[in-house]
Structures are given as C-alpha cells and as structure tokens.
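Biologist: Please take one sheet region of this model and go through it closely, then follow it outwards to the parts packed around it. Plain wording will do, with cut-offs where a term needs them.

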Amino acid sequence: MTTFARALATAALGAFCGGTFAAPTLPDTILFGVAYYDEYTPVDRLDEDARMMKEAGINVVRIAESTWGTLERDEGVFDFTHVDRMLAAFHKAGIKVIVGTPTYAIPTWLARKHPNVLVVAPKGRAEYGPRQNMDITDPDFRAAAERVIVKLVDHVKDHPAVIGYQVDNETKAYATSGPNVQRAFVASMRRKFPDLDQLNKAFGLDYWSNRINSWDDFPSVNGSINASLSNAFTAFQRDLVTDYLTWQAGLVRAHARGDQFITQNFDLGWKNHSYGVQPEVNHWDAAQPLDVAGIDIYHPSQDKLTGVEIAFGGDLARSMRDGQNYLVMETEAQGFSHWTPYPGQMRLQAFSHLASGANMVSYWHWATTANAIETYWRGVLSQDYQPNEVYAEVKTIGADLRRLGPRLVNLRKKNQVAVYVSNTAQAGFNAFKVYVDGKAFDYNDAMRPWYDALYRMNVEADILSPASKVPLSDYKLIVVPSLYAASDAEIARLNDYAKQGGHVLYTFRSGFSDENTKVRYAVQPGAISAAAGVTYHQFTNPVDVTLAGDPFKVGAADNKARWWMEFLKPTTATVVARFQHPSWPDYAAVTRNAWGSGEVGYVGFMPTDAVIEGIVTDQVKRAGIDLPKVRFPLIVRGGTLQDGHRVRYVLNYSARPQRLNYGYASGTDLLSGRKVTRGQQLALKPWGVAIVEEE
C-alpha cells in the first residue's frame, strides 16, 4: 500500500475509532440478493418485481452502481427519481438495499466537458462508450466522482432500507499510463531510489542503453523492454487502485450513517470465467479500508460445474481480511447461454458459497437487459420478466435461507493448509510466460492446479499473500506455487516457518528473481536452495520426459513433465521422483529436505493434474494432516457456527446420485431435518446438497 493510501486509511480508521462513527452493522443472517435497475426496465413494474423478490426470499438488492448518467443528467443536475422509487418499493417489501457509488461508468456530459478524464493507455486515449474508460487519478474525474458520491450518499443515508454501500465496481487502474501517471510514477521511484545509480543497478537498465542518467530523462514505461521497470509500474498501478478505493471508502464513511457498512466487489483473474489471482489489484491492500470484502464469482456450469471456482474465489475473499466472512456481490443466475444451469445446480451453487464462509449470495442480476453489450448475460429472469425454472429454484433457496440464515451466518473456518500467492511473483512470471507450441502459460495456470488438487481431495485451504497478517505458524502446510519474484526477507520468512516445524512445498521457478524481477546472482533456486537442499543450473521445456518408475502410480498418460523442467541436483535433499529421458541424465524432479524442525519440498517441473494430486497427498500426510477419504465429485467443506457447533456442507458435483459413507460426528441435516449418524450412507441427489450440524 502506498504512503497516500495508508494515510487515507489511517485517517478513516481514526475517525471511525474516535467515536465519530458507530460500528457498522454486518449481517445477522445470510443476505440473499440481486442487482436491480429500475432505469433499465421496459415498463413500470417495480412493485411487481419487489413482490416477486419477496416471494422468492430475496432480502437485499444492490442498486445504482451503473447509472451515473441517469442520476446526474448534467454537471450538478441531479435526479434521484429511480433511487427513491426503488428505496420506497423495497422498503415496503421488507427488502434491504446496498447502494453502489456509480463511478465506474461515466456520463456523456463528463466526457464532453472534460475529455481528459478518458484514460490514456499505452495504445492511446480511450473512446467513450465502454465502462471503466476513465483515469481514476484525473482531478476532474475525482471532482465529479466526489460530487455524485456525496450527493447520492447524503440523499439515501437516512433511509431505513439502506444497510451499506459498494464503492465503485470491479475497480482496476484500466492501464492508465498517460503523462500525468508517468510523472507520478517517476516521483514514486525517486522516493524509493534517491540515487539513480541504485535504480539503474536494481533494474539492470544498462541493457540496450536503457540507463537513466538524469531524472529529466526518465522515459515513459509504455515501451519498456525491461521487466523490472515494467513490473514496478504495474505495482504502482495496483497501488493507484488501493489509493482510489481508500479515497472512496473514506468519502462514503464521512457521509454515511455509522451503522452502514462499506464493501467492494473485487473480481478475480479471468479465463473465460473467474479463475485466479487478479493481476491488476492487490486485494489484500485494497480490502483494508473496507468494512467487509466483496467478491464477484462467475464459473462454468452444466457438465463443467465442479465448484472449484466458487471455493477458490471464496477462500481468497475470506483471506483478504484474514478470515473475516465476505459477501458474494455478484454471481451468475442464467448468465451466458452455455451457463444455463441444470435443475438443482442453482441450489448447489448457493450453498457452496456459504460453505466457504460467504454471508451473502447475490445474482447479477434480477432481469436481463433488452439491449447493449450484456443483452445475452441473463439474470434470474429473462427479457420477458416472467417466472421461469431458475426463479422457481431461487424460491427454494430463499425459503431455506429464511429459516436457516440466522443459523448459518458467520461461519468460522480454521484450516491447516494454505496456498501462498503473490502479485509480485505473478507479474514476474507473466513477464516471462512459459510458451509450449505457441501456447502461453501464465502464473494462474501454474498456481491454480495446486489449489484444485487440494479441493478435489477435500483438504480446505486459506489463500495467503505477503500482506497477510495471519501467522504462518497457524498452518501445518503451505504450498507456494511458482514464487518467481520475491525479496530475500519474504523467502526467509517462509524458510523460517519450515525451520520452526512447518512444511513448505515450493514449485518450479520459485526464488528465481528478487522483488525487482532481477534474476538472482546465485545458483538457483537462490535463497530457497539451502532450505530445499537442491541446486540447478539449467532448465528446458520437456518433450517426452516421464518420471522414472511412475512414483505416484498415475499411469503412462499422466506420468510426465509438462511445460518446464529444472535439472535439479540434490545437496541434502531426499529424491522423491526423478526425470526419465533417453538423452537427459536422471535429474531429480521432486525432492524433500529436512530443515530445522520442519521440511521443505521442491517440485522442479509442471506436473500433470494427476501427479500434482499425488505430490500433494504425500505432502499433506507428511505434515500430519488427516487426509479425508472422500474425493470429488463429493465435496465436504466445514466450519463452526456461532454457537460453537460444527457444520459440514456435503456437495454432490455430479449428475448422478452419490452416497457418502458419513464418517463424521452424528447430527441433523438442516435442509431436510433428517438425523445423520456416523457410519451411515448419506444419499445425495444429482447436484444435491446436505448441511449437517453436528450434535
């Protein structure tokens, strides 16, 4: 977090703690909601929509975040008709409201009067039309944004239906890199490197005569071929997002009622759906000025529904604020045509969010728009606004949450395993992606399979980052995928955790460069080498490379190295698996090394999913963690309710009926009311779910 962001956060927190504001009220039941836009509806049907929502068990609606041009028709000319109508209708129906600041989609008049608010990206100034086309640092944009935020919050804050605010929407820096941002970046570099020689050395700028001999000569980074400089700028852009959200949160907090909470709907990295770590935002820093983190999670459906995106997004959102429950601000109802859910999948998805600790599940959106770019991103209702199969299933979820919401809210989780992620490592890895036959593999491709293996094995995990405040000693095993770029201190912290008795598993390309994406002047894997007990000098893209003897018993199709292999030579490590190839020597592929009271494992290649599962299984056992006997498609996720009772969500991610040999303490399925005893066969329907509260 930048100095500016810390100052804003400290000021906001100081006012909050000093008695100016009452403590915000977070949910005492599960919030079940939709986004709603009276502005978009084809006819006046607000009261009917509120009635249908109430009938379906919807108890919260998000409004306003997309409608700046309707709220402020011209500079300083406000019209709150739609907002007032929605607040009145939803309050009458007993539905609470979260108001979004409408700043992520600028009005036409702002672009006309102040064309400088349109973001200047590497390819030039943005055209008007798309959302998120503004420069979040521009003074004219900030002034206009402040005016609409203050007017909106002042207008709605005293309405009894309003329980909280969402600041902006899926915020990023939008590649802002115009002259104003370049100047601010240079100023930040001058603070970090008062001596230009330090910067030139740290970033290796002598290469290709990129050396900067005067601050006046500092070029735009848009054309840089130097990953150190480019990634420093990328980190600066992430800090701009933190600054911006901190500013918005402080502004809202200064005008809102003290009992109203502030959130943001962060989104994940995208791979045709929500997939991995967001490269453009440091979620851990940006979540700090909020009262509660929010997340948007979109995922494959039909036969491709596995629940892993729901679990990963939830575990990451919960970990942003070190274990605090979170809000799912957006998830799909019907979504794209290929996401139209099978019967039963909506229920399964909703309770899967709760199983990770969500205190809210909200669909984007209530009804589908009739025009513009998201015409085929469908909500609960289609363009006809009539009840349909999805609405009928939503009603069953709403009925269950009316009854169970106060019991299921604020689920507490205590996991023994964590997956360690880093924006710095991500930027470093992505600067030098792995290419195989013309296809690029990035950091999320290297990271997610390790989380996915844990998920399939029903080993729950938190998501840690360098900014996490949770002690590493809370975990028995930390999996560290491809920590390409990291400081010596960061690696020392992980190694020391192992020395004190923890288990660390590093994977390929870890420790390769420092925090400035400068390759370490050392035998690889650099500062990890002694703790892992291995060294290497060479690496390659493997072709027809297998593991000798199929050590993980996965069969010929899966017993192979993908993408990348390092020629590992053990110093003190025990070899778990070796490479096999007619021309390469039998270098080590997987190792483990005693380090103090703990253990450090190292995987010098990208395994197949089956081999990853074999490696992780071994690591979990060696860390002294009980390995569940249940495997995907049955997923079991648990936690502790507010009264101290344990609860287990049993989820069937399959189109076939499944039976679980229930090996946990006896209890009651909260959905059906049936008793569940240890050792019985618990039957689940296709895409079915049970929630067992232990006695």
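**A sheet and its surroundings**

Modeller: Strand β19 (residues 503–507) pairs with strand β27 (residues 598–603) in the parallel sense, over five bridges. Strands and helices here are DSSP runs numbered from the N terminus, with at least two residues (E) for a strand and at least four (H or I) for a helix; two strands pair if DSSP finds at least two bridges between them. This is a predicted model, in which local features need pLDDT of at least 70 and side-chain atom pairs count only at pLDDT 80 or more, while totals for chains, interfaces and linings use all residues. Residues are numbered from 1 along each chain as its sequence is written, and side-chain values use heavy atoms, without hydrogens and water.

Within the β19 and β27 pair, Y506 stands opposite Y602 of β27. Both strands belong to an open sheet of eight with mixed pairing, ordered β17-β14-β18-β19-β27-β26-β25-β22. At its edges are β17 (461–464) and β22 (546–547), each pairing on one side only. Strands of a sheet pair through backbone hydrogen bonds, either parallel or antiparallel. Helix α18 (residues 609–622) lies across β18 (477–480), β19, β22, β26 (588–595) and β27, and runs at about 160° to β19. Contact means heavy atoms within 4.5 Å; axes are lines fitted to C-alpha atoms, for helices over the stretch in contact, and angles run from 0 to 180 degrees between N-to-C directions.

Another open sheet has five strands, antiparallel in pairing, in the order β29-β30-β35-β32-β33. Its edges are β29 (634–640) and β33 (675–676), each with a single partner strand, so one side of each has no neighbour in the sheet. Towards the β33 edge, β32 (residues 667–669) and β33 are joined in the antiparallel sense by two bridges, and G667 has V676 of β33 as its bridge partner.

At the other edge, L634 sits in β29. L634 counts as buried because its relative accessibility is 6% (buried is under 20% relative accessible area, exposed over 50%, partly exposed in between, with a 1.4 Å probe and protein chains only). Apart from neighbours within four places in sequence, L634 touches N458, L651, N652, Q658, R659, L660 and L684.

Helix α12 (residues 345–355) lies across β29, β30 (646–652) and β35 (689–694), at about 145° to β30. α12 is mostly covered, with eleven of its eleven residues buried; among them are R347, F351 and H353. After α12 comes G357, with a positive phi near 110°.

Elsewhere, α9 (residues 227–255) packs with two helices. The axes of α9 and α14 (residues 423–431) come within 10 Å and cross at roughly 140°. That makes α9 oblique to α14 (under 35 degrees is roughly parallel, over 145 roughly antiparallel, 65 to 115 roughly perpendicular, the rest oblique). A227, N231 and R238 of α9 meet N423, T424, A427, G428 and A431 of α14.

With α6 (residues 139–156), the axis of α9 comes within 9 Å, crossing at roughly 35°. From α6, the contact takes in F141, R142, A145, E146, I149, V150, V153 and D154; from α9, Y244, W247, Q248, L251, V252 and H255. Nine of the residues in this contact are nonpolar, two polar and three charged (Ala, Val, Leu, Ile, Met, Phe, Trp, Tyr, Cys and Pro count as nonpolar, Asp, Glu, Lys and Arg as charged, and the others, Gly among them, as polar).
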